[in-house]
Amino acid sequence: MSGSSRHPARWVGVFALVFIASGLLLPFVGPVALSAARVRMHQEPDWSILVQLRLSRTLLGLLAGGALALAGALFQAVLRDALATPYTLGISAGASLGAVTSIWLGWQQVAGLPAIWVTALLGSAVVLALVVGAALQQRRLSSFSLLLSGLAANSVCSAFIIVIYGLVSASQSFSISRWLIGGLDAIDYVTLGGFVVVVAIAASIVIRQAKSWNLMAVDPAWAATRGAHVTRLTLSGYAAGSILTAVTVALTGPIGFVGLVVPHLVRTRIGADHRVLMPCAFLGGGILLAACDAVGRIVMAPSEVPAGAVMAILGGPYLVWVLRQRSIA
Amino acid sequence: MTPRLRLAGVAWEVGGRPVLSGVTFDLRGGEVAVVTGRNGAGKSTLLDIVAGLRQSTGGDVRLDERPLAAWDPRARARVIAHLPQIVRPDLPFLAGELVLMGRYPHTDRWFEGDEDRAAVERAMRRTHCWELRDRLLQTLSGGERQRVLLAACFAQEPALLLLDEPSTHLDVDQQMHCFSLLREESARGAACLAVTHDLNLALAYATRLIVLADGRVALDASIEDAIRSTGWLSLFSPRLTMTTTAAGRAWVSYS
């Protein structure tokens, strides 16, 4: 018992080291080779490429992948369903619809914040409320009807995005389609700073309650009789998960796969204890998305493959392989 | 000694249909009370109300003289452990991790301490599942899983144990072991309220029998009284009779 329960905690350290190493090394991966000597001397253009383009983009990947994977692990615990992710619940589609709407209307800022952030958050909140409302039966949530209404929300949001796409100008339609593919771009450090703060707060609120998520992953009644405030916990879980998803989708576009594949791999390979699962999913999701982005930069240089596409191409078959391995074992 | 649990006129109805009405009884430390009755008599509903999972629609439930609804869930979980009737079989946790969850109400530490680990080991050894501690729950048989769930309740070190059909999936030997553990718990001062359909297990191990019929308490008697006057057997089936085994034990048999 003592060995088996302590051992997985070491994985958090391993993941943290790889996470930091990725942040330091991945910016050097790209179509233009950077010389370490020129970077050390702050010589151009190497210094600007590294700091302005690749470093900010790598940091965005690490945090965005982490936020999406953590949101996936969270929704899977709250709904007790391995298929629950921000993507399957329609939250990510709602955020997309919100973001596309503000591109369409040409909004730049709302209340001093980037308009895309605000409308993405609003879109995900509306979809979440509708999906939960539709799935609510006699004050009980069935995860099956929740996923079903999530699927419906996905279709409806996609349809509206197509409608908006038909209404906009050529330049707007280019920026919408570029955004909908889902990928990482260089980002200014002020925006990145705001993103770091939001993700750090939401992630620490979620991870601090890891023991409660363990209880919820068994059953809400199990959680209630082991001291959890189930309603409060469920609401805070939905809120934190939606915020993590919405701010991420606002910056990267919809990247679906990381929320499904990373928590699943950590759960089968390391364990289901959320005190370990959640930090590992966050760190692992970040590493995976940043690495996929780096691969996408060089694999077809000078053109780029978006990180979301790289992840789906590599991650899909890998997930199927892992599932097969398990069913054989 | 004041009663641990006090129910007065407890009612629960859904959609205008009464499931429980006028349920009144006290439960003290040292008692093993079996709640039984036919299907749909309201047994699980009663247990859920006492566990705080459902709010009664009428009457008064008190735990240690305080209204149950006034208890903070965490403080309540240090007093009451609840064994659910069903837990989904595909849980991703190890057996040891599930039992450890019984310690959550007792500690604020991020990882469990030596005391928690000792309580987990004690509980798992008592229900004969210590050797399953590193197994995934989804790979266990129904009976093995039931022993792990029982261990999780014992690890909670409760003063009031609520058990919804604790002997489900257990083989006969483990059924007897399970109920003898309830007697051990009562000997150290805990109160047990267990739902079961097995009348002979109840007669052999309980101190008290509560029979629900149509949402009301139809019988609330000590086991000795229940063995002496056997009219309540007709609440279950006209074919039941109370007999005495060669060893002199009361035994419900059917004709």
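**Two chains and their parts: questions and answers**

Modeller: In this predicted model, 21 residues of chain A are in contact with 26 residues of chain B.

Biologist: What makes two residues count as being in contact?

Modeller: Two residues are in contact if their C-beta atoms, placed from the backbone, lie within 7 Å. By that criterion, the side of chain A that touches chain B contains 8 nonpolar, 7 polar and 6 charged residues. Helices H1 (2-6), H10 (210-218) and H11 (220-224) of chain A each supply at least two residues of this side. The largest share comes from H10(A), with 4 residues.

Biologist: How do you know whether chain A is compact or extended, given its radius of gyration?

Modeller: Chain A has 329 residues, and a compact globule of that length would have a radius of gyration near 20 Å. The value for chain A is 20 Å, which agrees, and chain A therefore fits the expectation for a compact globule. Its C-alpha atoms fill a box of roughly 60 × 55 × 40 Å along the principal axes, and its secondary structure comes to 15 helices and 4 strands.

Biologist: How does chain B stand against the globule rule?

Modeller: The secondary structure of chain B comes to 8 helices and 12 strands. For 255 residues the globule rule gives 18 Å, and the radius of gyration of chain B is 18 Å, so chain B is as compact as a globular protein of that length. The box filled by its C-alpha atoms is roughly 55 × 45 × 40 Å.

Biologist: Why are H6(A) and H12(A) called oblique?

Modeller: Helix H6 (residues 115-135) and helix H12 (residues 230-252) of chain A pack at an angle of about 140 degrees, with their axes 8 Å apart. Angles over 145 degrees count as roughly antiparallel and those from 65 to 115 degrees as roughly perpendicular. An angle of about 140 degrees belongs to neither class, nor to the roughly parallel class under 35 degrees, and therefore H6(A) is oblique to H12(A). Their crossing is right-handed. Among the residues of H6(A) that take part are A:Ile116, A:Trp117 and A:Leu128, while H12(A) contributes A:Tyr238, A:Ser242 and A:Val249, among others.

Biologist: What is the make-up of the contact of H6(A) with H12(A) by class?

Modeller: The residues of that contact divide into 12 nonpolar, 3 polar and no charged.

Biologist: Why are H4(A) and H10(A) also described as oblique?

Modeller: The axes of helix H4 (residues 46-79) of chain A and H10(A) come within 6 Å and cross at roughly 50 degrees. The limit for roughly parallel is under 35 degrees, and roughly perpendicular begins at 65 degrees. H4(A) and H10(A) are therefore oblique to each other. In this contact A:Leu74, A:Ala77 and A:Val78 of H4(A) meet A:Trp213, A:Met216 and A:Ala217 of H10(A). By class, there are 6 nonpolar, no polar and no charged residues.

Biologist: What makes S2 and S5 the edge strands of the sheet of 4 strands in chain B?

Modeller: The open sheet has the order S2-S1-S4-S5, with antiparallel pairing. Strands S2 (17-27) and S5 (66-67) each pair on one side only, and that marks them as edge strands.

Biologist: How do you know that S1(B) and S2(B) are paired?

Modeller: Two strands pair if at least two bridges are found between them. Strand S1 (residues 5-14) and S2 of chain B have 7 bridges, in the antiparallel sense, and the requirement is met. B:Trp12 stands opposite B:Leu20 in S2(B). The two strands form a hairpin with 2 residues between them, and B:Gly15 in the turn has a positive phi of about 55 degrees.

Biologist: What makes the phi of B:Asp64 notable?

Modeller: Most residues other than glycine have a negative phi. The phi of B:Asp64 is near 50 degrees, a positive value in a residue other than glycine. B:Asp64 is found in the loop between strand S4 (58-63) and S5 of chain B.

Biologist: How do you know whether the peptide bond from A:Glu44 to A:Pro45 is cis or trans?

Modeller: The omega of this bond is near 0 degrees, and the bond is cis. Most peptide bonds are trans. A:Pro45 lies in the loop between helix H3 (36-40) and H4 of chain A.

Definitions and conventions: Residues numbered from 1 in each chain as written. Chains lettered and ligands numbered in written order. Predicted model: local features only at pLDDT ≥ 70, side-chain atom pairs only at ≥ 80, totals over all residues. Axes fitted to C-alpha atoms, helices over the stretch in contact; angles between N-to-C directions. Left-handed = near helix turned anticlockwise from the far one by under 90°. Nonpolar A, V, L, I, M, F, W, Y, C, P; charged D, E, K, R; others polar. Rg over C-alpha atoms; globule rule 2.2 N^0.38 Å.
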